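Let's take a walk through this structure together, moving from one contact to the next. Keep the sequence and the model at hand as you read.

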Amino acid sequence: MTNALFLIATACALAYLPLTSHGAGAVRSILKTLSVAVLAVIAAQSGAPFLLILALAFCALGDALLSRESDATFMAGIGAFATGHLAYIGLFLSHPASDAALILEKPGYFWSLILLGIVVVTLLPPRAGDLKWPVLGYIPIILGMGITVLALPETGALRWALPAALSFIASDLILATEKFLLPVDHPSRRFTSYLVWVLYWGAQAGLLIAFL
C-alpha cells in the first residue's frame, strides 16, 4: 500500500510540473495539493511520528492556498507553511537520536544560514508591500528548520534529512526571489517555477523517507 501511495504522489507531482507556470485552476490546485497530502497519508499509515504527519499536512494546506495565487491566500499559505516548518523543527529536536550539540559541529553551515538570513531580511521585506510582516516572520522559521536539522546524525535514513531541508530552503528562496525581486519580464521566470517545484516536492519526499 505504501509503495502504491508513493507512486500516486509522484504521479501527481509529475503531472503538476508542466502546470507550475499556468494560472490558478481546479486541476492545478488538486494535483499540487495531492502531491504532498498523499505523502501525509503515507506517514500516517506507516506509524511515522505525529509531527511529521502534521508538517506534511500543513504544507499540503499551504500548497492548496498558494495555488489560488491571490495576496489573501498567499498570506494564509505562509501561515500554513510556517506551521509546517515549526512542526519539522519540533520533529528534528524531539527525535530520539537528536543531539543539539551536533549543530555546533557544522559552524560553516550554521553561520552561512545566519548570513543568508541577514541578506534575505535586508532584501525581501522592503519589497513585499502589504506582505512585509508575514514575510519577515516566515524567514527565521524556515532558517530555524535548516539549523535544527543539524541536530540529527547523518546515519541511516536520517541522512536524507539535511539535503531535504536544504532543498526546502532553496525552493523558498527561489520562490521569494521570483515573487518580490525579479522584474515581470525577467527571462529566468521561464524556468524558476519548475525548479521551485522540483526542489520543494523532492524536499518533502526526502523528509518522509528520512523518518519512515
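Is Lys-106 buried, partly exposed or exposed? With a relative accessible area of 28%, Lys-106 is partly exposed, since that value falls between the 20% limit for buried and the 50% limit for exposed. Please keep in mind that you are looking at a predicted model.

Lys-106 is a good place to begin, as its side chain meets that of Glu-154 in a salt bridge, with 2.9 Å from N to O. Glu-154 sits in the loop between helix 6 and helix 7, while Lys-106 belongs to the loop between helix 4 and helix 5, so the pair ties together parts that are 48 residues apart in sequence. Glu-154 is partly exposed too, at a relative accessible area of 45%. The count of salt bridges comes to one. Side chains of opposite charge can pair when their charged atoms come close.

Now stay in the loop between helix 6 and helix 7, where you will also find Leu-152. Leu-152 has a relative accessible area of 5% and is therefore buried. Its C-alpha atom is separated by 4.8 Å from that of Ser-98, although the two residues are 54 places apart along the chain. Beyond its sequence neighbours, Leu-152 is in contact with Phe-92, His-95, Ser-98, Leu-102, Leu-158, Ala-161 and Phe-211.

Follow that last contact to Phe-211. Setting aside neighbours within four places in sequence, Phe-211 touches Pro-49, Leu-52, Leu-91, Phe-92, His-95, Leu-152, Leu-158 and Ala-161. Phe-211 is also among the residues with the most contacts inside the largest nonpolar core, together with Leu-52, Leu-56, Tyr-88, Phe-92, Met-145 and Phe-168. This core has 67 residues. The elements giving two or more residues to it are helix 1 (2-16), helix 2 (26-45), helix 3 (50-66), helix 4 (71-94), helix 5, helix 6 (132-148), helix 7 and helix 8 (189-211). In soluble globular proteins, nonpolar side chains tend to be buried together.

Two of these helices deserve a closer look. Helix 7 covers residues 161-180, and at 1.5 Å a residue its 20 residues should span 28 Å; the end C-alpha atoms are 28 Å apart, which agrees. Its buried residues include Ala-161, Phe-168, Ile-169 and Phe-180, and also Ser-167, Asp-172 and Glu-178. Helix 3, with 17 residues, reaches 24 Å from its first C-alpha to its last, close to the 24 Å expected. Among its buried residues are Leu-52, Leu-56, Cys-59, Asp-63 and Leu-66.

Leu-66 counts as buried because its relative accessibility is 17%. Leaving out neighbours within four places, Leu-66 is in contact with Lys-32, Thr-73, Phe-74, Gly-77 and Phe-81. The C-alpha atoms of Leu-66 and Phe-81 are 10.0 Å apart, with their positions 15 residues apart along the chain.

A smaller stop is Leu-19, in the loop between helix 1 and helix 2. Apart from its sequence neighbours within four places, Leu-19 is in contact with Val-27, Arg-28 and Leu-31.

Finally, turn to the surface. Trp-111, Ile-114, Leu-115, Ile-118, Val-119, Leu-123 and Leu-181 form a nonpolar patch there, with about 620 Å² of accessible area together. One of these residues, Ile-118, is found in helix 5, which covers residues 107-123.

Definitions and conventions
Residues are numbered from 1 along each chain as its sequence is written. This is a predicted model: local features need pLDDT of at least 70, side-chain atom pairs count only at pLDDT 80 or more; totals for chains, interfaces and linings use all residues. Side-chain values use heavy atoms; hydrogens and water are left out. Helices (H or I, at least four residues) and strands (E, at least two) are DSSP runs, numbered from the N terminus. The expected span of a helix is 1.5 Å times one less than its number of residues. Buried means under 20% relative accessible area, exposed over 50%, partly exposed in between (1.4 Å probe, protein chains only). Patches are made of residues with over 30% relative accessible area and no salt bridge: like charges are joined within 9 Å, nonpolar side chains (Val, Leu, Ile, Met, Phe, Trp, Tyr) within 5 Å. Accessible areas come from the Shrake-Rupley method with a 1.4 Å probe; for residues, only the protein chains shown count as cover. A salt bridge is a side-chain nitrogen of Lys or Arg within 4 Å of a carboxyl oxygen of Asp or Glu. A nonpolar core is a set of buried Ala, Val, Leu, Ile, Met, Phe, Trp, Tyr and Cys residues joined through side-chain atoms within 4.5 Å. Contact means heavy atoms within 4.5 Å.
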